[in-house]
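Here is a walk through one protein chain, from its strands to its helices and its cores. Keep the sequence and the 3D view side by side as you read.

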Amino acid sequence: MKNLIRIHAEGQDKLWKAVCLDFDVAVRGDSFQDGLESLDIAMSEYVQYIRRLPEGEQSALLGRKSPFGLFIKFARLVFQAILKPNSNGDGCAGIMLPSPA
């Protein structure tokens, strides 16, 4: 089974921010979907860059995490989704996807 990565996305109208909590990679997009697509590209490029580095340098970058406050927001969104599956909060989403690494 692959590892899961955690993504926090928030925004409204045409300004969305998506952050991969496990790689500390962030992007902006014009919509929720645009933010996720941009984040997918950014994470792929980040992982490709890391794979080209010497092995001793890779673990430091793969272990880099986002600020703790974003993990709290993510946990709140996941918990909210469990309690109220049809509620998407206030323009926020917490998502878990298979890791590209």
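**A tour of the predicted model**

Start with H8, which sits in strand 1, the stretch covering residues 4-12. The model is a predicted one. H8 has 0% relative accessibility, so H8 counts as buried. The cut-off for buried is under 20% relative accessible area. The H8 side chain is not without a polar partner: a polar contact of 2.8 Å links it to the side chain of E10.

Now step back to the whole chain. The chain has three helices and four strands. From start to end, the order is β-β-β-α-α-α-β. The chain has 101 residues, and 36% of them count as buried. Consider next the contacts with a separation of 6 or more. Among these, 48% join residues 24 or more positions apart.

Return to the strands and move on to the loops. D13 is found in the loop between strand 1 and strand 2, the latter spanning 15-20. Is D13 buried or exposed? Its relative accessibility is 70%, so D13 counts as exposed. The cut-off for exposed is over 50%. Look also at S31. D13 and S31 are 18 residues apart along the chain, yet 7.0 Å separates their C-alpha atoms.

The loop between strand 2 and strand 3 holds D24. Check the backbone here. D24 is not a glycine, but its phi is positive, at about 55°. Most residues other than glycine have a negative phi. What about solvent? D24 has a relative accessible area of 30%, so D24 is partly exposed.

Next, the interior. In soluble globular proteins, nonpolar side chains tend to be buried together. The largest nonpolar core in this chain has 15 residues. Within this core, I5, C20, F23, V25, L39 and M43 touch the most other members. Which elements supply at least two residues each? They are strand 1, strand 2, strand 3 (25-29) and helix 1. Helix 1 gives the largest share, with seven residues. A further core of five residues lies apart from this one. V19, L21, L70 and F74 are among its members.

Now follow helix 1 to its partner. Helix 1 covers residues 32-52, and helix 2 covers residues 55-62. Their axes come within 8 Å and cross at roughly 150°. How are the two helices oriented to each other? An angle over 145 degrees counts as roughly antiparallel. Helix 1 and helix 2 are therefore roughly antiparallel. On the helix 1 side, the contact is made by Y46, Y49, I50 and R51. On the helix 2 side, Q58, L61 and L62 take part. By class, this contact of helix 1 with helix 2 has five nonpolar residues, one polar residue and one charged residue.

Finish with Q58, which belongs to helix 2. Which residues does Q58 contact, leaving aside its neighbours within four places in sequence? They are I50, R51 and L53. L53 also pairs with Q58 through its backbone. The backbone oxygen of L53 lies 2.9 Å from a polar atom of the Q58 side chain.

Definitions and conventions: Residues numbered from 1 in each chain as written. Predicted model: local features only at pLDDT ≥ 70, side-chain atom pairs only at ≥ 80, totals over all residues. Heavy atoms only, no water. Buried < 20%, exposed > 50% of the residue type's maximum accessible area, 1.4 Å probe, protein only. Polar contact = N/O pair within 3.5 Å; in protein donor to acceptor, adjacent residues only side chain to side chain. Axes fitted to C-alpha atoms, helices over the stretch in contact; angles between N-to-C directions. Parallel < 35°, antiparallel > 145°, perpendicular 65-115°, else oblique. Contact = heavy atoms within 4.5 Å. Nonpolar A, V, L, I, M, F, W, Y, C, P; charged D, E, K, R; others polar. Core = buried A, V, L, I, M, F, W, Y, C linked by side-chain atoms within 4.5 Å.
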